[in-house]
Amino acid sequence: MLDKAEIMTDKQYNGILQMISMILDGCENLEEAKQKIAELRQGK
């Protein structure tokens, strides 16, 4: 059974995709995008 905290709403999902889109728009290439996402995951 899924914990309620693990269920993502459509609004949360869309927000995450929008953030990813903004990150990708500011990147020159895939490696730069990967680096930015890795930094975000580390809390930088």
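Where is Lys-34 found? In this predicted model, Lys-34 is found in helix 2. The protein has two helices and zero strands, and helix 2 covers residues 30-41. Lys-34 has a relative accessible area of 47%. Because buried means under 20% and exposed means over 50%, Lys-34 counts as partly exposed. In sequence, Lys-34 and Ile-23 are 11 residues apart, and their C-alpha atoms are 9.5 Å apart in space.

Helix 2 contains 12 residues. From its first C-alpha to its last, helix 2 reaches 17 Å, which is close to the 16 Å expected at 1.5 Å a residue. The N-terminal end of helix 2 is capped by Asn-29. In this cap, a side-chain oxygen of Asn-29 lies 3.1 Å from the backbone nitrogen of Glu-31. Just after helix 2, Gly-43 takes a positive phi of about 85°.

Helix 1 spans residues 10-25. With six residues, helix 1 gives the most to a nonpolar patch on the surface of the protein, with an area of about 700 Å². The patch is made by Met-8, Tyr-13, Ile-16, Leu-17, Met-19, Ile-20, Leu-24 and Ile-37.

Two members of the patch illustrate its accessibility. Leu-17 has its place in helix 1 and shows a relative accessible area of 40%. This value falls between the limits of 20% and 50%, so Leu-17 is classed as partly exposed. Met-8, by contrast, lies in the segment before helix 1. At 45% relative accessibility, Met-8 is likewise partly exposed. Patches are made of residues with over 30% relative accessible area, a cut-off that the 40% of Leu-17 and the 45% of Met-8 both satisfy. When neighbours within four places in sequence are left aside, Met-8 is in contact with Tyr-13 and Ile-16; both of these residues also belong to the nonpolar patch.

For the protein as a whole, 7% of the 44 residues count as buried. The exposed area amounts to about 4300 Å². Carbon and sulfur atoms supply 56% of this area.

Note on methods:
Residues are numbered from 1 along each chain as its sequence is written. This is a predicted model: local features need pLDDT of at least 70, side-chain atom pairs count only at pLDDT 80 or more; totals for chains, interfaces and linings use all residues. Side-chain values use heavy atoms; hydrogens and water are left out. Patches are made of residues with over 30% relative accessible area and no salt bridge: like charges are joined within 9 Å, nonpolar side chains (Val, Leu, Ile, Met, Phe, Trp, Tyr) within 5 Å. Accessible areas come from the Shrake-Rupley method with a 1.4 Å probe; for residues, only the protein chains shown count as cover. A salt bridge is a side-chain nitrogen of Lys or Arg within 4 Å of a carboxyl oxygen of Asp or Glu. Helices (H or I, at least four residues) and strands (E, at least two) are DSSP runs, numbered from the N terminus. Buried means under 20% relative accessible area, exposed over 50%, partly exposed in between (1.4 Å probe, protein chains only). Contact means heavy atoms within 4.5 Å. The expected span of a helix is 1.5 Å times one less than its number of residues. A polar contact is a pair of N or O atoms within 3.5 Å; within protein, one must be able to donate a hydrogen and the other to accept it, and residues adjacent in sequence count only if both atoms are side-chain atoms.
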